[in-house]
Structures are given as C-alpha cells and as structure tokens.
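User: I'm new to reading protein models and I'd like to know where the labels come from. Can we go through some of them together?

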Amino acid sequence: MLLGVDVGGTFTDAVLVDGGRVVTAKAATTPADQSEGVMAAVELALRAADREAADVRGFAHGMTVATNALLEGRGARTAFVATEGFTDLLELGRQARPELYRLCVAAPPPLAPAQRRVGVPERCGPEGVRRALTREAARQVAEDVAALEPEAVAVCLLHGYRHTAHEQLLGEVLRERLGDQVHISLSHDVTATFREVERAATTEVDAALSPLLAAYLRSLERRARGTGLPAPAIMQSSGGLTSDEIAARHAALTVLSGPAGGAAAAALLSERLGEPDLLCFDMGGTSCDVCVVQDGRVRETGGREIAGRPLALPMVDIHTVGAGGGSIAWRDPGGALRVGPRSAGADPGPACYGRGGTEPAVTDAHVVLGHLGGTLSGVELDEAAAREAVGRLAGRLGLGTEECAAGILRVADAEMVRALRVMTVQRGLDPRDFALLAFGGAGPLHAASMADELGISRVVVPAASGVLSALGLAAADWRADAQRTVLLRGDALTDAALRQVAGEVGALAARTLARDDARREITWEVRYAGQSHELAVRTPPDAAAVREAFAAEHERRYGYRDADTEVEVVTVRVRASVPGAQLTWEAQAGERVAGPRSVALPGSTVWLPEGWSAQADATGTLRLERTA
C-alpha cells in the first residue's frame, strides 16, 4: 500500500493506493507545524481504507516548509564565506532592477547580512589556482566564522564549480571548528555550475533553509515512526523523490516540493489518458500552479527565480499566481475589482466555512452562484455568510451580489489565463494544441471557463483531481541530479570529452541515488560562442549529434541556425532515476451529463456551464466537451 501526502495552503491531502483502490482524505493545513496536519490527513485516509499504518510500504511527501520560509525571508542565522573582494556578491547581484519602471523596488536582501560575511585569502581563475589557500588561513577563516555564532554557513568561492579543493578544505576546517550542530553548504556540492551570482544565491538559500527543514523532517519522522509508518521520501523541485536525509542536508532541492507533486501527477495522467500534450493548472486554496506536458514529459528548467532569489538547480518549469479558492476579492483605490494574492488560508478560511472569516473569497463566489453547496471537504458551507461577505464588497463596487460574485470568478479566471499564456503563447506554443488538465480542490470549478478563454476544446478532469498532487507523489520516480559546467568548444568539443564528463557527472548522480538499477539521462546546455544563455538538448555523448540537436532547437525557438558560428557545450546535467510504482485503480465509464450543473468528485467539484457536457471514460476521468 502506497501513501502520498501533499501540504497545500488550505488543505493537506492524503492518498492511499491499495491494489486497484484509491482512498483519499483531506485535513486542514496546520501552518505552525505542518506535520500535525500531515498526520491528521494520514489518519483520516487509513480510517477510510480500514487499514493500519503498518500496512504502508511507501510514504511520499510534498510540503511547503522551504517554500514558505523563502517567501517570508526566514532562515537559520547564516554566515556567507566567499573569496576576498567578493563577499558582497549577493548584495550587488547583477545590477538588474526587479521592476523596470518602479525605481524604488528593491531585490530581497541577502539572507546573510554584511556583518556575517567573511572573506577568504584565495583566488582561482578558470584555468586553475592563482592564490593557494593554506590550512592556517582556512583555520583563521573558521575562527572568524565561529565568532559570528552562525547556525549555518554558505561557502561560495570564485570558480569553485571547477576547482573544488579550496571549498573542500574550508568545509573540513569549518566542521572541525564548529561541530555537527552548524550546517555547512559548499557551492560545488549544491550546484557545480558557473555564474557566481546564481551559484552563491543557491548556496546561501541551501544553508539558510536546511536547518529549518531538517527540524521539520525530524519531527515528522518521529510522528510517522510512532504510528508505524515508514520514513517519508521527499519530493524535490525536479519532480523526483529523494530520501529525507538528503532533503534535510540540501533544502534548496525542495523549494518547489509541493507544486512538483502535481507535475508528477500530470505526467502520470498523460500516459494513462493517451494525451501526450497537456496544459495543466492546479488551483488549490491559496494559489494556482501552471505547467506544460509535451510529448508525455513535464517541461523542466535548469534554474529560475523563487521569491526574487535565483536558484540554479533542476526543477519543474512551473508558473505560480496568487489565485486560489481562498483568494480574497477586494476593491483597489481606483475602484476596480481585484482578487488575491492575499488568501483566507486554512484559518479562518473563506466566509462560507463558518470559522469567522468575513472577507469574500473565490469559494464564496461559487457558493453565491450555486456552484457549491452542502459540504466541502468535510466543511458545512454557510451560504448566508458567503452572501453577506460578497454583498458587502458588492455594495462598495455598486454591484448586485450575484453580479459581484460572477465578477470575482472572471477576475480569478483572467489571472490564471494570464499564467497559462505565459507558459504557452510567450514560449511559442499554441494553447489550442493542448488538452486542458484541471485539478486541485478548485481547478475543476474553473475548467470550462478557462477553456473558453483559451479556445481549448478538450478538457480532462481526473476523478482524484482534488488530491491529484498527493497521488502523483505516491507514483513519482526516485531521482538524483548532478550538473557541472564544462565550457567545451572548438577542438575540445569531442566525443571522448563528452563521454568523459557525462560519465563523471552520471556517476555522481547515481552515487547520490544509491541505486544500482538507476537509468541515466543526459542533458547538454549549449549556446553559440558569444551568446549569454543556453538551450537544453538531450542526445547521447556525441559531438555531431549535440551540434545538430542544438541547431535544430535554436531554429525552432528563434527561427534560424548559424552554421558559421562555433558551438559551445556549457553545462552537462545527468539525471539518475528509478521508476516509481505503477499505479492502477478501478474505474468505469459513466453517462454523459450536460450543464449548467455541478458534478461532485472526491475532494473537488466540477462546474459545467451551459453549453458544456461531461462523461467519465474507462479510467474514471471526466472528459468535458463544448456542445454549443
């Protein structure tokens, strides 16, 4: 029996896969200690399945501990150690303004302030060591760091991605001086890639968040083992599982842990439904996460910004907006109706939850319009409270209550449609070529209206859509990623050189995964000499194949290829993975139903507007079609 648990902003979802049976449960998220909500959801799922915790052989978990800490700027007391003259690297950044026309908007401050930065008397260039670091100098650095009384230390030396000896020496001496109670992150262990700003920022985030995540995972493991559950496997931002020990050592790997579960589920559904191209939106209580599945694979990226901080790590390519069932509607100073990003969260929740919430949320608008009623995930909905909350906003806007509720939904739809267009139209993709996969507790309520906006004719809503991210966790692959910047071009770009670096990086990934049966996949990040950024291609370690694959991708993306310019392989990334469990679940086809009406599913509700119909196929998935 497999267990997946996903922590959202409002609800914590649990899924038990027992043979061909899928049992789901939801419990309120407990922001102060997410492990309480996790165990509450697990208990509800076990009770519904009439099984014991000892029957669970696999426990996969996606959470928002690292995400929330990063968004809030929280972290352990961190010291930043860098090459002399480069200690203010993150303060200076790349001199790019967060917003072009708002001159006073500042980037988030470094997690290690100026007084907790220490310079190292060493220097490496791309070709090797220029100023050697002695053990005596390293000991003095360790003494200077110890005087700062840190809880974590981030070490990022210039060109440490290629020449690692100085970082290794510092790591050894710092551990001798500080002991095991202080977490130490070395940049070449976290991400062995060039671009010092991104590498330094990733290392600093890893150091600052790892003690917090380690404490959470220790608490969760104690609770889990106390009930007979196995230790949890943790979802990484890359969409693959890792052990709780590795996650505790490198929290930066888990910053997108929660949304990545939904992406893993989307890939699972793509194969099961025979839909290789899916445009996915996961709308929960607090936010909406958007990703794209092409040719059966979730699109990935080698790095991105989270909360204004660059992270140079493999991760699922997800775009998030503050539009969820708990997103609060409000009137801005210009008199316009706005929705989000502020959310009612789990406590008190939307007004219709009857827990003291008084501000109108998206869920309240659905209640007012009759899309929802009765109970929702165990909560008895209070229609009068929803009408009162929406009515107050309607009065300020000069609208009727129903008119205001409809406006709230249109504004929320517009925000999510904008996110979907960022992932498609702005990337050269036509959304009409995709089927729309709607999931999350609130996603199916908006599926048809979103499809109308985007001109999409095929919509699929899984039976377990309300807890699909948790289902994806239970079936996710185990995965370890390793990367190294190599900068190969000209005569150095040979088959032998590519085979060597692929073998070395692949061995590191396989060693991290610690599985003999791991399969490997190589990604090359390539550019024309002189370009600033790279394109990712997947080929065997063959120089001619890499050149041709890059030229074809460059032509597809930008409309041309340049046969006269030298090609440079910048970074090699290797993924070692072991397939997750093959899930099957019992289902049967249903009769076609036509809108306007609601269709209740476990953990979610589908709204069919007039002109839409739906029918469950042999997998139990609702397929929505426009009939007028």
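Analyst: Sure, starting at the end of a helix: just after α2, G73 takes a positive phi of about 70°. Keep in mind that this is a predicted model.

User: Okay, and which residues of α2 itself are called buried?

Analyst: In α2, which spans residues 65–72, the buried ones are V65, A66, T67, A69 and L70. The label is used for a relative accessible area under 20%.

User: What covers those buried residues of α2?

Analyst: The cover includes α1 (34–49), α7, β17 (304–306) and β18 (309–311).

User: What makes E149 exposed?

Analyst: Exposed needs a relative accessible area over 50%. E149 has 62%, so E149 is exposed. You'll find E149 in the loop between α4 and β9. Its phi is positive too, about 50°, although E149 is not a glycine.

User: And how do you know whether D295 is buried or exposed?

Analyst: Same recipe. D295 comes out at 67% relative accessibility, so it counts as exposed. D295 sits in the loop between β14 (288–294) and β15 (297–298). Here again phi is positive, about 50°, in a residue that is not a glycine.

User: Why does H366 get the label it has, buried or exposed?

Analyst: The cut-off for buried is under 20%. H366 has 2% relative accessibility, so H366 counts as buried. H366 belongs to helix α10, residues 362–368. Leaving out residues up to four places away in sequence, H366 touches H371, L372, L409, L445 and H446.

User: Let's do helix pairs. Why are α11 and α12 described by that particular word for their angle?

Analyst: The axes of α11 (residues 383–397) and α12 cross at roughly 90° and come within 8 Å. The range for roughly perpendicular is 65 to 115 degrees, so α11 and α12 are roughly perpendicular to each other. On the α11 side, the contact uses R387, V390, G391, L393, A394 and L397. On the α12 side, the residues are T401, E402, C404, A405 and I408. Sorted by class, that contact has 7 nonpolar, 2 polar and 2 charged residues.

User: What makes α12 oblique to α13?

Analyst: Helix α12 (residues 401–423) and helix α13 (residues 443–454) pack at an angle of about 60°, with their axes 10 Å apart. Roughly parallel means under 35 degrees, and roughly perpendicular runs from 65 to 115. The angle of α12 and α13 fits neither range, so α12 is oblique to α13. As for handedness, the crossing of α12 and α13 is right-handed.

User: Which residues meet there, between α12 and α13?

Analyst: From α12 you get L409, A412, D413, M416, V417, L420 and R421. They meet H446, S449, M450, E453 and L454 in α13. By class, the contact of α12 with α13 has 7 nonpolar, 2 polar and 3 charged residues.

User: On to strands. How do you know which ones are the edge strands of the sheet β6-β5-β9-β10?

Analyst: This open sheet has 4 strands in the order β6-β5-β9-β10, and the pairing is parallel. An edge strand pairs on one side only, and that fits β6 (117–120) and β10 (183–186). Neighbouring strands are turned by 20° against each other on average, direction ignored.

User: What makes β5 and β6 count as paired?

Analyst: Pairing takes at least two bridges. Strand β5 (residues 78–83) and β6 have 4 bridges, in the parallel sense. For one spot to look at, A82 stands opposite G119 in β6.

User: Which helices pack on or lie across these strands?

Analyst: One of them is α4 (residues 135–146), which packs on the sheet and touches β5, β6 and β9 (152–156). The direction of α4 makes about 175° with that of β6. Then α7 (residues 196–227) lies across β5, β9 and β10, running at about 165° to β9.

User: Last one: what makes the bond from G340 to P341 stand out?

Analyst: That peptide bond is cis, with omega near 0°. P341 is in strand β22 (residues 337–343). Another cis peptide bond joins G595 and P596, with omega about 5°. P596 lies in the loop between β31 (593–594) and β32 (597–601).

Conventions:
Residues numbered from 1 in each chain as written. Predicted model: local features only at pLDDT ≥ 70, side-chain atom pairs only at ≥ 80, totals over all residues. Heavy atoms only, no water. Axes fitted to C-alpha atoms, helices over the stretch in contact; angles between N-to-C directions. Helix = DSSP H or I, 4+ residues; strand = E, 2+ residues; numbered from the N terminus. Parallel < 35°, antiparallel > 145°, perpendicular 65-115°, else oblique. Left-handed = near helix turned anticlockwise from the far one by under 90°. Contact = heavy atoms within 4.5 Å. Nonpolar A, V, L, I, M, F, W, Y, C, P; charged D, E, K, R; others polar. Buried < 20%, exposed > 50% of the residue type's maximum accessible area, 1.4 Å probe, protein only.
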